[in-house]
There are 2 protein chains.
Amino acid sequence: MTQSAKTFENLSGEKRERVLAEATREFADHGYHQASVNRIVQRLGIAKGSLFKYFGTKEGLFEYLFGHAVAEFKKPLKVIRDTGTGDFFDRIEQTFLASGAFVDAHPNIYRIYLKMLFNERFPLRDRFLGEIRKANAKFLRQLIENGIESDGLPSDLDVETAVYTVHSVMDRFLQGYAVPSLDQGVESTEHTLQDKARAMTNLLRRGLADPS
Amino acid sequence: MTQSAKTFENLSGEKRERVLAEATREFADHGYHQASVNRIVQRLGIAKGSLFKYFGTKEGLFEYLFGHAVAEFKKPLKVIRDTGTGDFFDRIEQTFLASGAFVDAHPNIYRIYLKMLFNERFPLRDRFLGEIRKANAKFLRQLIENGIESDGLPSDLDVETAVYTVHSVMDRFLQGYAVPSLDQGVESTEHTLQDKARAMTNLLRRGLADPS
DNA sequence: ACCAATGGTGACCACCTGGTCACTTCTAAC
DNA sequence: GTTAGAAGTGACCAGGTGGTCACCATTGGT
């Protein structure tokens, strides 16, 4: 930890939270480059120098903020792996629901993540995306291998292809959930998170053939 | 058409193409706000005033450029609807392949589209995304209704949910194809466009149960 | 040869950006 | 009450932005 970050850690928890919340909102609204340090300090009612004392640079602020968030990203997965119940598809559905809950709890973090996905110039992009992907892939691979062993998934299923497929479907499911406008004009009649998670799980289970 | 845009239309086709190509690259590399008019004219070797004579504003340039591209977006769909062969899933696979071909032919346009998806402040976003989505949804709905009528899709299949599902899977398939880093760490062993399209089609057909 | 129209130019403008730093204020130990 | 060290400040800076406009160059019609 740098000397400056220590200064920030010394602050009262209340102030720390306010600073991080306001900065997170700014990055979520505008992405990295278009986010303005001036606007952040103005909304916080503090001097610009203070923020630079805490984090050194704009990038340092972002690193601190998103780095802490990535840890949160991983928590729901661990919970399902360790305490999930039912067969393979039950756990898949639980994962859909847990991811949706995460987006509900940290919408601005997820908005930053989505902007980072396709913006090649986002600072620290490779590091953060790599970390998230690695955790996701590990979790899914474990789930699928377990499904083949215990839950009747075909033994000749190509694991890597299955991981890729499930990951894609989950990714897109969450995108649509976090940015509803993404699915306007292709609106499903299933409106709740539960219904959409069920529909996606059924797709993975039986394809389009069986809509039950 | 504005007076200024007419000036641009009067130019030689060669110069018009160079200008549009260079501007498209800049927007694809940096997104809208971070794209620099100064860099564009510098690379083109023309004066900044010229570009503003052609398009009035930065937004005018972007509108001209992306508006023309949206028309291209729609062409592959029409071709499949009018000349596609085989049953429902054959046409779905053809759609995967045609979309991939479009991304290959116009990579920078697709990169702009991806940036626009999650950047709420992208100018003209609602208009352009709405137009694209509407065309996609109409095409898919027609395909699915046809599949229920003629190709043995279950008659109780909820059409809107199916449209939403197919659309999601296609979206994410293309994302991964256009931004390979998106699937690093969850790499499928199917490496060609054909193989990935086949895998995705099989998912839609029979779910994870049957990997053939 | 002249003119009008069109395309082309680049110095210049106001504005905003991330970042700096000499300075003041606060706090707690003695 | 004094003092050391930490927290907080905001005017200032260099550099980049989109956009302007008075001026120049080229061309084709008469």
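This is a short tour of a predicted model with two protein chains and two DNA strands, stop by stop.

Before you click anything, note that residues are numbered from 1 along each chain as its sequence is written, and that chains are lettered from A and ligands numbered from 1 in the order in which they are written. Since the model is predicted, local features need pLDDT of at least 70 and side-chain atom pairs count only at pLDDT 80 or more, while totals for chains, interfaces and linings use all residues; side-chain values use heavy atoms, with hydrogens and water left out.

**Stop 1: chain A and its two domains**

Select residues 1–56 of chain A for domain 1, then 67–209 for domain 2; these bounds come from an automatic or database domain assignment. Taken over C-alpha atoms, the centres of the two domains sit 30 Å apart. Where they touch, 9 residues of domain 1 are in contact with 8 residues of domain 2 (contact means heavy atoms within 4.5 Å). They bury about 720 Å² between them, with 68% of that coming from carbon and sulfur atoms. Buried area here is the accessible area (1.4 Å probe) that two parts lose on being put together, summed over both.

Now show Thr24(A), Ala28(A) and Tyr32(A) as sticks. This trio supplies 55% of the area that domain 1 of chain A buries against domain 2 of chain A, more than any other three residues.

Which side chains form the salt bridge here? Pick Asp29(A) and Arg111(A): they meet at 3.0 Å, N to O. A salt bridge is a side-chain nitrogen of Lys or Arg within 4 Å of a carboxyl oxygen of Asp or Glu, and the rule finds 1 across this domain interface. There are also 4 residue pairs in polar contact between the domains, both residues at pLDDT 80 or more. A polar contact is a pair of N or O atoms within 3.5 Å; within protein, one must be able to donate a hydrogen and the other to accept it, and residues adjacent in sequence count only if both atoms are side-chain atoms.

**Stop 2: where chain B meets chain A**

Colour the two chains separately and look at the contact between them. 59 residues of chain B are in contact with 59 residues of chain A, and the pair buries about 5100 Å², 60% of it on carbon and sulfur atoms. Select Phe118(B), Tyr164(B) and Leu208(B), which supply 18% of the area that chain B buries against chain A, more than any other three residues.

How many salt bridges are there between chain B and chain A? The count is 6. To see a salt bridge between the chains, go to Arg111(B) and Glu120(A), whose side chains meet at 3.2 Å, N to O. Another 14 is the count for residue pairs in polar contact between the chains, both at pLDDT 80 or more.

Next, highlight the chain B helices H2 (13–34), H7 (107–118), H8 (125–150), H9 (159–178) and H10 (193–206), the elements that give two or more residues to the side touching chain A. Helices (H or I, at least four residues) and strands (E, at least two) are DSSP runs, numbered from the N terminus. H9(B) brings the largest share, 14 residues.

**Stop 3: DNA strand C**

Select strand C and the 20 residues around it; Ala35(A), Lys48(A), Lys58(A), Thr7(B) and Tyr54(B) come nearest. A residue is near a strand if one of its heavy atoms lies within 4 Å of it. Of the strand C atoms that come within 4 Å of the protein, sugar and phosphate account for 55%.

Try these phosphate oxygens of strand C:

- One is 2.7 Å from a polar backbone atom of Lys58(A).
- One is 3.3 Å from a polar side-chain atom of Asn10(B).
- One is 3.1 Å from a backbone N or O atom of Ala47(B).

H4(B) gives the most to this surface, with 5 residues.

**Stop 4: DNA strand D**

Move to strand D, which 20 residues surround, the closest being Lys15(A), Tyr54(A), Ala35(B), Lys48(B) and Lys58(B). Zoom in on Lys48(B): a polar atom of its side chain lies 2.8 Å from a base oxygen of strand D. At Lys58(B), a backbone N or O atom lies 2.7 Å from a phosphate oxygen. Over on chain A, a side-chain N or O atom of Asn10(A) is 3.4 Å from a phosphate oxygen of the strand. To finish, select H4(A), the source of the largest share of the surface near strand D, 5 residues.
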